[in-house]
Amino acid sequence: MSATPQTIAAVATAPGRGGVGVIRISGKHLLPLAQQISGGKTPQPRLALYTDFYDAEKRTIDSGLMLYFAAPASFTGEDVIELQGHGGPVVMQMLLSRCLELGARLAEPGEFTKRAFLNNKLDLAQAESVADLIDASSQSAARMAVRSLKGAFSQHIHALVDDLITLRMLVEATLDFPEEDIDFLEEADARGKLENLQGRLKAVLAQAQQGAVLREGMNVVLVGAPNVGKSSLLNALAGDDIAIVTDIAGTTRDTVREQITLDGVPVHITDTAGLRDTDDTVEKIGIERSGKALAQADVALILIDPAEGLNQKTRDILAALPGNLKKIEVHNKIDLSGGTPEFSDVLCSESGADTLIRLSAKTGAGLDLLKRALLQQIGWQGESEGLFLARRRHTAALEAAQTELEHAARCGNHQIELLAEHLRLAQAACSEITGEFTADDLLGVIFSRFCIGK
């Protein structure tokens, strides 16, 4: 007996060799498929069955554990079978091919988690946190992803939606019974409820913005005239000799990237080729890539050699920077001038930076001040138990809901219809986060970014 066309299968473990490899299968009525693979044995729900796995000719492919999770008590809400065998890529491919021979099809990226969402095992925010947990680049990000997976973020959203529904009911009652001598909004203190909602939404948005910082980190570029110490600073921040350092201008002929972690926040640092006019073809390509890195950056570290100051080369570089880019002015090589490390929160009029750091990339003096300044630029307030991992999609939805509530608060007593519409739009924006109100094309985009087998 073959599986139904809705049955999906995929290798659930990472590519390459490993001690154990897992094939995951999900669909309806999977026991016949399990019996054919195991040579007639019938697995019991949630009990590991040690068995041989057979091909169509009754030859043994491998031996291992078969786990059966009967619907609806499974990750996807359907029957799920996991075949745990030896983690060789050839063995895994043979087992997967056998599943496909029996009527399953290859799962699309994220399709197991998508089915869990569609079968109400997870809401959309929880489903996204599965991918975030896999992709977590720091311990803090992993902890916050687990909080989101357990529903911490969703609980806040559901509470906001419930209160929005209550408030909408009061407004709709006023619209439905205009002839009644009862002011439902006045009686139930609708304005007070709206103010309370705004305050709570603001708090949730602040937490989500911190979670987005933790998930996505920040992109930092090192810019400055040739030979001001950009590569030395990259090496100092990374704690390793990532970039070549010499006294020759133009040594860095291409962008060099490195990731570090500051207080749990991933920081992607790019050392740019010195932005200058050059006839060197290779260096020209590196400078073009530097321009692209600047376009994607959150913060620019503008390196200046105090011995030269803000020279014309540096002014030319500043003129080429994006206008909305946050800037930190870094005076390097204080070890040569005899200066001391310094952090200054004063607007630097010439560079446009609002923070000035004096340090030595060579000795490491002042590096802690620079790290603190970087976290300050993106508004990071440190990990706390109340945080949850969030995405830009989530913060954008919360910001949209916040805007609608602000419009609602400005509605007068004779604008009840308008008030009702703003509340409806605010509820729709919040519901997009958990997937209660989500376009199908958005689901396709979200789950396509998952790995196959998850």
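What follows is a chat about two sheets, two helix pairs and one lysine in a predicted model.

Q: What kind of model is this, and how are residues numbered?
A: The model is predicted: local features need pLDDT of at least 70, side-chain atom pairs count only at pLDDT 80 or more, and totals for chains, interfaces and linings use all residues. Residues are numbered from 1 along each chain as its sequence is written, and side-chain values use heavy atoms, with hydrogens and water left out.

Q: What is the strand order in the open sheet of 6 strands?
A: The order is β3-β4-β5-β2-β1-β6, with mixed pairing. Strands (E, at least two residues) and helices (H or I, at least four) are DSSP runs, numbered from the N terminus. Two strands pair if DSSP finds at least two bridges between them.

Q: Which strands are at the edges?
A: β3 (49–54) and β6 (105–106), each of which pairs on one side only.

Q: How does β3 pair with β4?
A: β3 and β4 (residues 60–69) are antiparallel, over 6 bridges. L49 stands opposite M66 in β4.

Q: Which strands does helix α2 touch?
A: Helix α2 (residues 89–101) packs on this sheet and touches β1 (8–11), β2 (18–27), β3, β4, β5 (79–87) and β6. Contact means heavy atoms within 4.5 Å. The direction of α2 makes about 15 degrees with that of β2. Axes are lines fitted to C-alpha atoms, for helices over the stretch in contact, and angles run from 0 to 180 degrees between N-to-C directions.

Q: Switching to helices, how do α4 and α5 cross?
A: The axes of α4 (residues 124–135) and α5 (residues 139–149) come within 8 Å and cross at roughly 160 degrees. That makes α4 roughly antiparallel to α5, a term for angles over 145 degrees. The crossing is left-handed, meaning that the near helix is turned anticlockwise from the far one by less than a right angle.

Q: Which residues make that contact?
A: α4 contributes Q126, S129, V130, D132 and L133, while α5 contributes A142, A145, V146, S148 and L149. They divide into 6 nonpolar, 3 polar and 1 charged. Ala, Val, Leu, Ile, Met, Phe, Trp, Tyr, Cys and Pro count as nonpolar, Asp, Glu, Lys and Arg as charged, and the others, Gly among them, as polar.

Q: And what about α14 and α15?
A: The axes of α14 (residues 392–409) and α15 (residues 416–434) come within 8 Å and cross at roughly 170 degrees, which makes α14 roughly antiparallel to α15. This crossing is left-handed. The contact of α14 with α15 has 13 nonpolar, 3 polar and 3 charged residues.

Q: What is the order of the sheet with 7 strands?
A: This open sheet runs β8-β9-β7-β10-β11-β13-β12, with mixed pairing. The edge strands are β8 (256–262) and β12 (342–344). The twist averages 20 degrees from one strand to the next. β12 runs antiparallel to β13 (residues 356–358), joined by 3 bridges, and S344 has L356 as its bridge partner.

Q: Last one: where is K454?
A: K454 lies in the segment after α16 (440–448). At 22% relative accessibility, K454 counts as partly exposed, the class between buried (under 20%) and exposed (over 50%), with a 1.4 Å probe and protein chains only.

Q: What does K454 contact?
A: Leaving aside neighbours within four places in sequence, K454 is in contact with R24, G110, E111, F112, T113, V130 and I134. K454 and A107 are 347 residues apart in sequence and 9.0 Å apart in space, C-alpha to C-alpha.

Methods: Angles under 35 degrees count as roughly parallel, over 145 as roughly antiparallel, 65 to 115 as roughly perpendicular and the rest as oblique.
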